[in-house]
Amino acid sequence: MEKGDVMKSQQNRTIVYILAVIVLMLVVVIIFFLPSLGGFSSRDTTRWVASRYVFGQVAAMETSQADALLKQQVEILPTEIRWQGKTCTGLVTRAETFNTQDYLAGTWQTSPQALGIQQSELQVISTNCDIPGFQEYLLFGGGQLVIGLDGVFFVFDPQ
């Protein structure tokens, strides 16, 4: 083999190695980031943390009980929900979009103003989960999640 052929062979190997590294990096990016792009939620998270609560007109929970739920984290994956040491598996969800004012007044007997919500539409997620508060929850455009639990509305911020 001539010296020129050896150099071309080394250049070709270098190019192959560089391409292999690029492909490997793309695979890693796809594995870690693609599930959040088209699966359960197009939001940047599957985890939320309870940041505040609002008492409804009739609540079966005391302030101390509601305070204890603040900073609690919920994880919602395509097939399960995890909250307070409980897990729902085999999760089935159905999402519907509603007018915020109409839905909150008719279903939760509250208003967007009471919950500090300013958008005109919300997404209602119905599930087969038996964890209290997660049979049906609300998702808002800013990434917030809201559950109703014993007449208290908990707002979760994306984490």
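This is a short walk through two sets of paired strands and one buried residue in the structure above. The model is a predicted one.

I'll begin with strand β8, residues 145-149. Of its five residues, four are buried, so the strand is largely enclosed by the rest of the structure. Which strands does β8 pair with? One is β7, residues 136-139, joined to β8 by three bridges. The other is β9, residues 152-158, joined to β8 by five bridges. The β7 and β8 pair runs antiparallel, and so does the pair of β8 and β9.

If you want to find these pairings on the screen, take one position from each. For β7 and β8, look at Tyr 137, which stands opposite Ile 147. For β8 and β9, look at Val 146, whose bridge partner in β9 is Val 155.

Now the turns. Between β7 and β8 the hairpin has five residues, and Gly 143 takes a positive phi near 95° there. Between β8 and β9 the hairpin has two residues. Asp 150 sits in that turn, with a positive phi of about 55°.

Next, an earlier part of the chain, with strands β2, β3 and β4. Strand β2 covers residues 73-77 and strand β3 covers residues 80-83. They pair in the antiparallel sense, over four bridges. Strand β4, residues 86-89, is joined to β3 by four bridges, again antiparallel. So β3 has a bridged neighbour in β2 and another in β4.

Again, one position for each. Ile 76 has Ile 81 in β3 as its bridge partner. Arg 82 has Thr 87 in β4 as its bridge partner.

As for the turns here, β2 and β3 make a hairpin with two residues between the strands. β3 and β4 also make a hairpin with two residues between them. In the turn of β3 and β4, Gln 84 has a positive phi of about 50°.

Last, one residue in β2, namely Glu 75. Is Glu 75 buried or exposed? Its relative accessibility is 12%. The cut-off for buried is under 20%, so Glu 75 counts as buried.

What does Glu 75 touch, leaving out residues up to four places away in sequence? The contacts are Thr 46, Arg 47, Glu 80, Ile 81 and Arg 82. Two of those names came up a moment ago: Ile 81 is the bridge partner of Ile 76, and Arg 82 is the bridge partner of Thr 87.

That is the end of the walk-through.

Terms used:
Residues are numbered from 1 along each chain as its sequence is written. This is a predicted model: local features need pLDDT of at least 70, side-chain atom pairs count only at pLDDT 80 or more; totals for chains, interfaces and linings use all residues. Side-chain values use heavy atoms; hydrogens and water are left out. Buried means under 20% relative accessible area, exposed over 50%, partly exposed in between (1.4 Å probe, protein chains only). Two strands pair if DSSP finds at least two bridges between them. Contact means heavy atoms within 4.5 Å.
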